[in-house]
There are 2 protein chains.
Amino acid sequence: MQRMTRQREVIRDAFERLGQPLSVQEAFEAAQEDLPQIGVATVYRAINDMVDDGWLVPVDLPGESTRYERAGIGHHHHFQCNGCGRVFDFEGCPGDLGRLAPDGFEVDSHEIILYGRCARCVTDS
Amino acid sequence: MQRMTRQREVIRDAFERLGQPLSVQEAFEAAQEDLPQIGVATVYRAINDMVDDGWLVPVDLPGESTRYERAGIGHHHHFQCNGCGRVFDFEGCPGDLGRLAPDGFEVDSHEIILYGRCARCVTDS
DNA sequence: ATAGATGCAAAGGGTTTGCACTTGA
DNA sequence: TCAAGTGCAAACCCTTTGCATCTAT
């Protein structure tokens, strides 16, 4: 069974509070603000356990190390900001992508990633 | 200036012959068939030089190490086979993805990845 | 009390780099 | 000739693991 330690509490809070996909490094830095002595290995282990529990799901973007976000938010895709590098969710997606594949190929699923500038980076520039 | 060695020749040939995005490992294995004593470091260096020369471009897919393909084939996206893991190009893409982003966000570019089974894996199963 | 969690440091896996040797131009 | 390229092994970076210690339950 899973124990609720101070470490796991601050990690869980980081995901709940920030509400966006976080890398281990981002979660680690957020956790360090509340618990400076926390180690990275602890964050890796806690996050992997949360994925096994089904509380987090991995979010893989091209060329980036895996991020994680709260499970159960339904079909959606991701936006990555070219300014700050952060990742955001967005809903909606164009239907019928299957027809784009080459003849004879079967499409089961898809991924869409948008790149640009998030609202904050647009305002700041 | 760039010299044409036997090593770089077999690496270049692998990309021309196979005509699909190749990881360093895939290019290394293809090169080894013609030149068994070739080292991985050579393949890494040759590929990085070919990217610098503009002859190859990186192809990053979620959760995968970088692949590379011939530059200059125009706007396209990638299909990854869940059976054999290989990556294929496809043309066409749904217009106007920008409207999907959250309010206040600016979209500059996008990536679409389709997953499923390639023609060969569909036939084999 | 005791199994699970932690922190540290060592081990892994993939990529890059230093160096002495080889080779294309 | 001689600088670019090569192969090997060491160095790196990120992630995982082993282990002694700590701590929720």
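Start by selecting His76(B), which is buried at a relative accessible area of 15% (buried means under 20% relative accessible area, exposed over 50%, and partly exposed in between, with a 1.4 Å probe and protein chains only). This is a predicted model, in which local features need pLDDT of at least 70 and side-chain atom pairs count only at pLDDT 80 or more, while totals for chains, interfaces and linings use all residues. Residues are numbered from 1 along each chain as its sequence is written, chains are lettered from A and ligands numbered from 1 in the order in which they are written, and side-chain values use heavy atoms, with hydrogens and water left out.

**Around His76(B)**

His76(B) sits in the loop that joins strand S3 (67-70) to S4 of chain B; helices (H or I, at least four residues) and strands (E, at least two) are DSSP runs numbered from the N terminus. Display its side chain, and you can follow it to the backbone oxygen of Gly74(B) at 2.6 Å and to a polar contact of 3.3 Å with the side chain of His78(B). A polar contact is a pair of N or O atoms within 3.5 Å; within protein, one must be able to donate a hydrogen and the other to accept it, and residues adjacent in sequence count only if both atoms are side-chain atoms. Once neighbours within four places in sequence are set aside, His76(B) is in contact with Glu69(B), Asp89(B) and Phe90(B), where contact means heavy atoms within 4.5 Å.

**Leu97(B) and the nonpolar core**

Next select Leu97(B), in the loop between S5 and S6 of chain B, where this residue is buried with a relative accessible area of 4%. Leu97(B) touches residues of both chains, namely Pro94(A), Leu114(A), His110(B) and Ile112(B), not counting residues up to four places away in sequence. Its C-alpha atom lies 8.9 Å from that of Ser109(B), and the two residues are twelve apart in sequence.

From Leu114(A), move on to the largest nonpolar core, which has 24 residues, and in which Phe79(A), Leu114(A), Cys118(A), Phe79(B), Leu114(B) and Cys118(B) touch the most other members. Such a core is a set of buried Ala, Val, Leu, Ile, Met, Phe, Trp, Tyr and Cys residues joined through side-chain atoms within 4.5 Å. In each of chains A and B, strand S4 (77-81), strand S5 (87-90) and strand S6 (106-117) supply at least two residues apiece to this core.

**The two copies**

Now colour by chain. Chain A can be laid on chain B with an RMSD of 0.1 Å by a turn of 180° and a shift of 0.0 Å along the axis, which is the relation of a two-fold axis; the superposition is by least squares on the C-alpha atoms of residues with pLDDT of at least 70 in both. Because 100% of the interface residues of chain A are also interface residues in chain B, the copies meet through the same surface.

Taken alone, chain A has four helices and six strands, and 39% of its 125 residues count as buried. Its C-alpha atoms fill a box of roughly 55 × 45 × 25 Å along the principal axes.

**DNA strand D**

Show DNA strand D with the 19 residues around it, of which Tyr44(A), Arg3(B), Thr5(B), Thr42(B) and Arg45(B) come nearest; a residue is near a strand if one of its heavy atoms lies within 4 Å of it. Sugar and phosphate make up 64% of the atoms of DNA strand D that come within 4 Å of the protein. For a base, look at Arg45(A), where a polar side-chain atom lies 3.1 Å from a base oxygen; for the phosphates, look at Arg8(B), with a polar side-chain atom 3.1 Å from a phosphate oxygen. The largest share of the surface near DNA strand D, four residues, comes from H3(A).

**DNA strand C**

Finish at DNA strand C, which 19 residues surround, the closest being Arg3(A), Gln7(A), Thr42(A), Arg45(A) and Tyr44(B). Here the side chain of Thr5(A) places an N or O atom 2.9 Å from a phosphate oxygen, and polar backbone atoms lie 3.4 Å from a phosphate oxygen at Gln37(A) and 3.3 Å from one at Met4(B). H3(B) gives the most to the surface near DNA strand C, with four residues.
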